[in-house]
Amino acid sequence: MNPQKVLLYYGFTPIADPVAIQLWQKNLCEALNLKGRILISPTGINGTVGGDIDDLRKYVKYTKKYPGFKKIGFKWSQGTGNEFPKLYVAVKKELVAFDNPDEIKVDEKGVVGGGQHLRPEQVHELVKERGDDVVFFDGRNQFEAKIGKFKNAIVPDVDTSRDFVREIESGKYDHLKEKPVVTYCTGGIRCEILSVVMKNRGFKEVYQIDGGIVKYGEKFADDGLWEGSLYTFDSRMAIDFSTKTKVIGECEICQAPSKIFRNCRTKTCHELILLCDSCNDLPASSKCTHDPSKVRDSEMVG
Ligand SMILES: [Zn+2]
Ligand SMILES: [Zn+2]
């Protein structure tokens, strides 16, 4: 069997007929035996698909034939062939659910008015020049940062991307409005939106990492400013960038070092929590302290 890989990608570009793109992508993936999740909106495409390396290469080649998708940077990572239970291709109002579809404008070059893109080595140059003034700002859901984040990063209090606008407008981060702020997320797509939200609300110097943590990790692994594992929205649950990845998370019950998210042991609760192997083996409990009204992004792909 050929190596199994996972692709993660997004591209912002005006799409006049998202349904036509949906059908084309669905047929393409089915023909190539790929599984995963692809979202299409009037502003672009966001996907993660897994399969055989040769089939994925063909997928990239054909997807790039659509003019708006030519410039997409596809991020490759190691797979097993079992990351995704099925193929899901859907049309959405927003590529990432920030609940601000009217705020985001795209043209052929991408999102209009977002933060400046920095390649991983440019992130280091910025830190070298500006030192401690540089603020790293996590653009993911809070729980993702429990197992890995940039050292000293600010982790906003968000359960889903829909919470970001309220969080940014809360005033909590107003002291950062004059500082260089580097936003980061898994593959970069959430920062495309978040950086617009921040700039539109008075943050003067906003950057985003090109290709997100995935690209940064490929370049610097565990020898740079990143610390821990990277949460992924598939059955891998997390990836490490080297064999010496630090475990920064703790089991919610016994505080042993842990980086494995599992379902809460209370049957009616859907919270994903960090549990070590032995605590996960304990009998299911009847009650927990989690908020049952809490919802998570379930369709996030980058
Ligand atoms: Zn434990
Ligand atoms: Zn719970």
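**Exercise 1. In this predicted model, determine in which sense strand 1 and strand 3 pair and over how many bridges they do so.**

*Solution.* Begin by locating the two strands, strand 1 at residues 4–12 and strand 3 at residues 44–52, and then follow their directions, which shows that they pair in the antiparallel sense over nine bridges. As a check on the register, take Tyr 10, whose bridge partner in strand 3 is Asn 46. Next look at what covers this pair: helix 2, made of residues 53–63, lies across strand 1 and strand 3 and runs at about 155 degrees to strand 3.

**Exercise 2. Describe how strand 2 pairs with strand 3 and how it pairs with strand 5, and decide whether strand 2 is largely enclosed or not.**

*Solution.* Take strand 3 as the starting point, where the pairing with strand 2 is antiparallel and extends over seven bridges, with Gly 47 of strand 3 serving as the bridge partner of Ile 38. The connection between these two strands is a hairpin, with two residues between them. Now turn to strand 5, which pairs with strand 2 in the parallel sense over five bridges, and in which Tyr 88 is the bridge partner of Arg 37. For the last step, count the buried residues of strand 2 (residues 35–41), where a residue is buried if 20 or more other C-beta atoms lie within 10 Å of its own. Six of the seven residues meet this condition, and therefore strand 2 is largely enclosed by the rest of the structure.

**Exercise 3. Assemble the open sheet of five strands: what is the strand order, and which strands lie at the edges?**

*Solution.* Arranged side by side, the five strands follow the order 4-1-3-2-5, and the pairing within this open sheet is mixed. The edges are formed by strand 4 (75–78) and strand 5 (87–91), each of which pairs on one side only. If direction is ignored, neighbouring strands of this sheet are turned by 10 degrees against each other on average.

**Exercise 4. Work out the strand order of the open sheet of four strands, and say what lies across strand 11 and strand 12.**

*Solution.* The order in this sheet is 8-12-11-9, and the pairing is parallel. Strand 8 (116–118) and strand 9 (135–138) are the edge strands, each pairing on one side only, while the twist from one strand to the next averages 35 degrees. Looking at one pair in detail, strand 9 and strand 11 (residues 180–184) are joined in the parallel sense over four bridges, and Val 181 in strand 11 is the bridge partner of Val 135. Finally, helix 5, comprising residues 189–200, lies across strand 11 and strand 12 (205–209), and its direction is at about 175 degrees to that of strand 12.

**Exercise 5. Place the domains along the chain, and state which residues UniProt lists for "domain: Rhodanese".**

*Solution.* The domain assignment divides the chain into domain 1 (4–95), domain 2 (110–239) and domain 3 (249–297). Between domain 1 and domain 3, the centres, taken over C-alpha atoms, are separated by 32 Å. The UniProt record, an unreviewed entry, lists residues 130–225 for "domain: Rhodanese". Over that range the chain is 29% helix and 18% strand, and the end C-alpha atoms are 15 Å apart.

**Exercise 6. Decide for Asp 223 and for His 290 whether each is buried, partly exposed or exposed.**

*Solution.* Find Asp 223 in the loop between helix 6 (212–220) and strand 13 (226–228). The cut-off for an exposed residue is 12 or fewer C-beta neighbours within 10 Å, and because Asp 223 has 10 inside that distance, Asp 223 counts as exposed. His 290, by contrast, belongs to the segment after helix 7 (277–280). With 16 other C-beta atoms within 10 Å, His 290 is partly exposed. Leaving aside neighbours within four places in sequence, His 290 is in contact with Cys 264, Cys 269 and Glu 271.

**Exercise 7. Compare the radius of gyration of the chain with the value for a compact globule.**

*Solution.* For 302 residues, a compact globule would have a radius of gyration near 19 Å, and the chain has 19 Å, so the two agree. Along the principal axes, the C-alpha atoms fill a box of roughly 50 × 50 × 40 Å. Buried residues make up 40% of the 302 residues. Of the contacts with a separation of 6 or more, 65% come from residues 24 or more positions apart.

How values were computed:
Residues are numbered from 1 along each chain as its sequence is written. Chains are lettered from A and ligands numbered from 1 in the order in which they are written. This is a predicted model: local features need pLDDT of at least 70, side-chain atom pairs count only at pLDDT 80 or more; totals for chains, interfaces and linings use all residues. Two strands pair if DSSP finds at least two bridges between them. Axes are lines fitted to C-alpha atoms, for helices over the stretch in contact, and angles run from 0 to 180 degrees between N-to-C directions. Two residues are in contact if their C-beta atoms, placed from the backbone, lie within 7 Å. Domain bounds come from an automatic or database domain assignment. UniProt positions are given in the numbering used here, feature names are shortened, and annotations may be inferred rather than shown by experiment. The radius of gyration is taken over C-alpha atoms; the globule rule is 2.2 Å times the number of residues to the power 0.38.
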